[in-house]
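Visitor: I am new to this structure and would like a close look at one part of it. Could you take me to the place where charged side chains pair up, and show me what lies around it?

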Amino acid sequence: MAIATENSPAHHEEHPDLRVLGLITFLISESLMFGGFFATYLFYRTSTQTWPPEGTEVELLLPTINTIILVSSSFVIHFGDSAIKKNDVKGMRKWYKITALMGIIFLIGQVYEYLTLGYGLSTNLFSNCFYLMTGFHGIHVFVGVLLILGVLWRSRRTGHYNEHKHVGIEMAEIYWHFVDIIWIVLFTLLYVLTKF
């Protein structure tokens, strides 16, 4: 009778990794927090005559470019996950480095947008909602970049990740997809619907 080791596929099937379940539970709680933001924003949007108030309009060009970068990064990080499942550590590193760079570019774009908007957190109700939601999301992107960099750092050790042992890589990918999905909702609410 063969004994399943930590690195064998049988072990993974018999004992699901509770770290992934913990991450999913955490992301569900974060979804509820974002859901509260979304509900509050929609309440104020529907109960206010002029939305956004004059002087706090948003531009679409930079946020659209940022959205394309962030959504594309979901595909890029998936290539990294696919690479490690073929035991291609170099390929995983390449795709994760590109994803981290895309996340950093997104954050730089967001900071640039903040600096050029012409209104601040306390200008009015719209600007307050705008900065709180995009800022909270930006913190999540920053944490995601740190997770990806952590995966890259740990991948330097020979054999740390392989086709059987890659839960850290999967967790970083799941988190990154979550960040992207939340941004799509934010972009739709704060930018696209604001123009209509």
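Guide: Buried residues account for 41% of the 196 residues in the protein, and this is a predicted model, so please read each value as computed from that model. The protein has six helices and zero strands, which gives the order α-α-α-α-α-α from the N terminus on. Along the principal axes, the C-alpha atoms fill a box of roughly 70 × 30 × 25 Å. Of the contacts between residues at least 6 apart in sequence, 80% join residues at least 24 apart.

Now to the charges. The protein carries 13 positive and 15 negative charges, and the mean positions of the two sets are 10 Å apart. Side chains of opposite charge can pair when their charged atoms come close. Where does that happen here? A search of the whole structure finds two salt bridges, and Lys85 takes part in one with Asp81 and in another with Glu170.

Let us begin with Asp81. The salt bridge between the side chains of Asp81 and Lys85 has an N to O distance of 2.9 Å. Is Asp81 buried or exposed? Its relative accessible area is 3%, so Asp81 is buried, given that buried means under 20%. Lys85, in contrast, counts as partly exposed, at 40% relative accessibility.

The second salt bridge runs from Lys85 to Glu170, where the closest N and O atoms are 3.5 Å apart. Lys85 sits in the loop between helix 3 (61-84) and helix 4 (89-116), while Glu170 belongs to helix 6 (residues 167-192), so this pair ties together parts that are 85 residues apart in sequence. Glu170 has a relative accessible area of 18% and is therefore buried. Because the two salt bridges share a partner, Asp81, Lys85 and Glu170 are joined into one network.

Stay in that loop for a moment, since Asn87 is also found between helix 3 and helix 4. What is the phi of Asn87? It is positive, about 65°, although Asn87 is not a glycine. Most residues other than glycine have a negative phi, and most peptide bonds are trans. Asn87 is partly exposed, with a relative accessible area of 40%.

Another loop holds a cis peptide bond, which joins Trp51 and Pro52 with omega at about -5°. Pro52 lies in the loop between helix 2 (18-47) and helix 3.

The far end of helix 4 leads to one more loop. Leu117 lies in the loop between helix 4 and helix 5 (125-154), and Leu117 is buried, with a relative accessible area of 18%. Which residues does Leu117 touch, leaving aside its neighbours within four places in sequence? They are Phe130 and Tyr131. The C-alpha atoms of Leu117 and Ser127, ten residues apart along the chain, are separated by 9.9 Å.

Finally, a word on the record. An unreviewed UniProt entry places the feature "transmembrane region" at several spans, including residues 64-83 and 95-112. Residues 64-83 are 100% helix, and the end C-alpha atoms of this span lie 29 Å apart. Residues 95-112 are also 100% helix, with end C-alpha atoms 26 Å apart. Asp81 falls within the annotated span 64-83.

Notes
Residues are numbered from 1 along each chain as its sequence is written. Side-chain values use heavy atoms; hydrogens and water are left out. Helices (H or I, at least four residues) and strands (E, at least two) are DSSP runs, numbered from the N terminus. Buried means under 20% relative accessible area, exposed over 50%, partly exposed in between (1.4 Å probe, protein chains only). Contact means heavy atoms within 4.5 Å. Lys and Arg count as positive and Asp and Glu as negative; His and the chain ends are not counted. The place of a charge is taken as NZ of Lys, CZ of Arg, CG of Asp or CD of Glu. UniProt positions are given in the numbering used here, feature names are shortened, and annotations may be inferred rather than shown by experiment. A salt bridge is a side-chain nitrogen of Lys or Arg within 4 Å of a carboxyl oxygen of Asp or Glu.
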